[in-house]
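Me: I have a structure open and would like to learn how to read its features one by one. Can we go through it together?

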Amino acid sequence: MEVTSQTAYEASKLPSERYAEYYAHHHDMKMAGLRFFSVYQGFGGNEEHKGEYANTVAQFADAIASGEAPELFDDSSQTRDFTHVSDVARACELAADHELTGVYNVGTENLYTSTRWSQ
């Protein structure tokens, strides 16, 4: 299967996965790439420095904490899978414990559109 990227962000992730694949196959190493989906831990301002590039949850939390309504910049066709940081930590632990090799998506498989998360 050919993997293509639609954004610069996606393209930036591919080289590290390819390097891991190389080391796994040519140096008999266990390498797992974990792709995290919209990780959140609750409001804490920890992504404020990222501005418009902050995680959607951080943007919404910052707006709500400031007494503002979260702004949505889409046509409601985009979806997000919000994943709590404790689930991400558990996924890392499981990948290491089971010595996984490959690329794995880490999410809940529950997709939300802007109309669903703004209610």
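Me: How should I class E21: buried, exposed or partly exposed?

Reply: The class follows from relative accessible area: under 20% is buried, over 50% is exposed, and values in between are partly exposed. E21 has a relative accessible area of 38%, so E21 is partly exposed. Keep in mind that this is a predicted model.

Me: Which side chain does E21 meet in a salt bridge?

Reply: For a salt bridge, look for a side-chain nitrogen of Lys or Arg within 4 Å of a carboxyl oxygen of Asp or Glu. The side chain of E21 pairs with that of R18, at 4.0 Å from N to O. R18 is partly exposed as well, because its relative accessibility is 37%.

Me: Where do E21 and R18 lie?

Reply: Both belong to helix α1, and they are three residues apart, about one turn of the helix.

Me: How many salt bridges does the structure hold?

Reply: There are three. One of them joins the side chains of E93 and R90, with an N to O distance of 2.7 Å. These two residues sit in helix α3, residues 85-97, again three residues apart, or about one turn of the helix. E93 has a relative accessible area of 41% and is therefore partly exposed. R90, at 42%, also counts as partly exposed.

Me: What does R35 pair with?

Reply: The side chain of R35 meets that of E17 in a salt bridge of 2.6 Å, N to O. To judge what such a pair connects, check which element each residue belongs to. R35 is in strand β1 and E17 in helix α1, so this salt bridge ties together parts that are 18 residues apart in sequence.

Me: Is E17 buried or exposed?

Reply: E17 counts as buried, because its relative accessibility is 10% and the cut-off for buried is under 20%. Its partner R35 is partly exposed, with a relative accessible area of 33%.

Me: Helix α1 keeps coming up. How does its span compare with what its 19 residues should give?

Reply: The check uses a rise of 1.5 Å a residue. Helix α1 covers residues 8-26 and should span 27 Å; the C-alpha atoms at its ends are 28 Å apart, which agrees.

Me: Which residues of α1 are buried?

Reply: They are L14, E17 and A24. Next, look down the helix axis and see where they point. The buried residues fall within an arc of 95°, so they line one face of α1.

Me: What do the buried residues of α1 pack against?

Reply: They pack against two strands, β1 (32-36) and β5 (102-106). On the face turned away from the buried side, α1 carries the exposed residues A8, Y19 and H26.

Me: Why does Y19 count as exposed?

Reply: Its relative accessibility is 58%, and the cut-off for exposed is over 50%. Y19 also belongs to a nonpolar surface patch with Y22, Y23 and M29; together they have about 430 Å² of accessible area.

Me: What does E10 touch, not counting residues up to four places away in sequence?

Reply: With those neighbours left out, E10 touches T4 and S5. E10 is placed in helix α1 and is partly exposed, because its relative accessibility is 34%.

Me: Which residue takes a positive phi just after α1?

Reply: That residue is D28, with a phi of about 50°. A similar entry follows helix α2: just after it, G67 has a positive phi of about 80°. Within α2, residues 56-65, the buried residues are T56, A58, F60, A61 and A63.

Me: How many helices and strands are there in the protein chain?

Reply: Four helices and six strands. Along the sequence they follow the pattern α-β-β-α-β-β-α-β-β-α.

Me: What share of the contacts with a separation of 6 or more comes from residues 24 or more positions apart?

Reply: Such pairs account for 71% of those contacts in the protein chain.

Me: And what share of the 119 residues is buried?

Reply: Buried residues make up 18% of the protein chain. The chain exposes about 9,000 Å², and carbon and sulfur atoms supply 50% of that area.

Key:
Residues are numbered from 1 along each chain as its sequence is written. This is a predicted model: local features need pLDDT of at least 70, side-chain atom pairs count only at pLDDT 80 or more; totals for chains, interfaces and linings use all residues. Side-chain values use heavy atoms; hydrogens and water are left out. The expected span of a helix is 1.5 Å times one less than its number of residues. Buried means under 20% relative accessible area, exposed over 50%, partly exposed in between (1.4 Å probe, protein chains only). The arc is that of the directions from the helix axis to the C-beta atoms. Contact means heavy atoms within 4.5 Å. Patches are made of residues with over 30% relative accessible area and no salt bridge: like charges are joined within 9 Å, nonpolar side chains (Val, Leu, Ile, Met, Phe, Trp, Tyr) within 5 Å. Accessible areas come from the Shrake-Rupley method with a 1.4 Å probe; for residues, only the protein chains shown count as cover.
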